[in-house]
Amino acid sequence: MKNRGRPAHEPTETSRRFVEALAGIAVSQAEIATALAITLPTLRKHYRAELDRGAARVEAKLVGHLLRLANGSDGTALRAVMFALQARFGWSQYVPRPDAGT
């Protein structure tokens with residue numbers, strides 16, 4: 001009896017670097033899977049570490065840009081600082097901080 005369907009995907013060092021590079025510039029997983037001619041589940045199964053490293057690289061770049069903006073002295077800097085405090089540290093202008101009453 002013959003095997004049916006497509007042959008199993010075998011990642012190569014080149015494809016691993018490719019996935020990490022694309023994830024590192026914020027290309028969507030769907031687009032990466034399409035570029036490799038594989039399905040999303042196959043991409044996630046074989047390239048989880050590369051996707052995670054690429055996503056961490058994007059986040060680090062964005063935080064770096066945010067901190068650079070926050071070092072300014074204009075309204076953009078103020079908004080960047082407020083966003084960082086809300087997103088990274090859970091601050092809110094509507095809810096008092098848990099330690100505010102002590």
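Let's start with a cut-off: a residue is called buried when its relative accessible area is under 20%, exposed when it is over 50%, and partly exposed in between. Keep in mind that the structure you're looking at is a predicted model.

## Exercise 1: Two alanines in loops

**Task.** Find where Ala26 sits, and decide whether it is buried or exposed. Then do the matching job for Ala37.

**Solution.**

Step 1. Place Ala26: you'll find it in the loop between H1 and H2.

Step 2. Check its accessibility. The relative value for Ala26 is 54%, so it counts as exposed.

Step 3. Look at the backbone. Ala26 has a positive phi, near 70°, although the residue isn't a glycine.

Step 4. Now move on to Ala37, in the loop between H2 and H3. Its phi is positive too, near 60°, and again this is a residue other than glycine.

Step 5. With 48% relative accessibility, Ala37 counts as partly exposed.

Step 6. Who touches Ala37? Arg6 does: leaving aside neighbours within four places in sequence, Arg6 is in contact with Ala37 and Ile38. Arg6 belongs to the segment before H1, and at 63% relative accessibility it counts as exposed.

## Exercise 2: The buried side of H2

**Task.** Which residues of H2 are buried, and what covers them?

**Solution.**

Step 1. Pick out the buried residues of H2: Ile32, Ala33 and Leu36.

Step 2. Ask how they are spread around the axis. They cover an arc of only 100°, so they are on the same side of H2.

Step 3. See what lies over them. The cover includes H1, H3 and H4.

Step 4. Put them in a wider setting. Ile32, Ala33 and Leu36 are among the 10 residues of the largest nonpolar core, along with Val19, Leu22, Ala23, Ile38, Leu43, Tyr47 and Leu51. H1 and H2 are the elements that give two or more residues to this core. As a general rule, nonpolar side chains in soluble globular proteins tend to be buried together.

Step 5. Zoom in on one core member, Ala23. Beyond its neighbours within four places in sequence, Ala23 is in contact with Ile32, Glu50, Leu51, Gly54, Ala55 and Val58.

## Exercise 3: Checking helix H4

**Task.** What span should H4 have, and what span does the model give? Which of its residues are buried?

**Solution.**

Step 1. Start with the residues: H4 has 23 of them.

Step 2. Get the expected span. You multiply 1.5 Å by one less than the number of residues, and for H4 that gives 33 Å.

Step 3. Compare. The end C-alpha atoms of H4 are 33 Å apart, which agrees.

Step 4. List the buried residues of H4: Glu50, Leu51, Gly54, Val58, Leu66 and Ala70. Their cover includes H1, H2, H3 and H5.

## Exercise 4: Following the salt bridges

**Task.** How many salt bridges does the whole structure have, and which residues are linked in a network of them?

**Solution.**

Step 1. Take the total: a search of the whole structure finds five salt bridges. In general, side chains of opposite charge can pair when their charged atoms come close.

Step 2. Try Arg57 and Glu20. Their side chains meet in a salt bridge, 3.3 Å from N to O. Arg57 is in H4 and Glu20 is in H1, so the pair ties together parts that are 37 residues apart in sequence. Arg57 is partly exposed, at 34%.

Step 3. Next, Arg53 and Glu50, whose closest N and O atoms are 3.8 Å apart. These two are three residues apart in H4, so about one helical turn separates them. Arg53 is partly exposed at 41%, whereas Glu50 is buried at 5%.

Step 4. Then Arg48 and Asp52, with closest N and O atoms 3.0 Å apart. Both lie in H4, four residues apart, about one turn of the helix. Each counts as partly exposed: Arg48 at 35% and Asp52 at 41%.

Step 5. Finally, join things up. The salt-bridge network links Arg16, Glu20, Glu50, Arg53 and Arg57.

Notes:
Residues are numbered from 1 along each chain as its sequence is written. This is a predicted model: local features need pLDDT of at least 70, side-chain atom pairs count only at pLDDT 80 or more; totals for chains, interfaces and linings use all residues. Side-chain values use heavy atoms; hydrogens and water are left out. A salt bridge is a side-chain nitrogen of Lys or Arg within 4 Å of a carboxyl oxygen of Asp or Glu. Buried means under 20% relative accessible area, exposed over 50%, partly exposed in between (1.4 Å probe, protein chains only). Contact means heavy atoms within 4.5 Å. The arc is that of the directions from the helix axis to the C-beta atoms. A nonpolar core is a set of buried Ala, Val, Leu, Ile, Met, Phe, Trp, Tyr and Cys residues joined through side-chain atoms within 4.5 Å.
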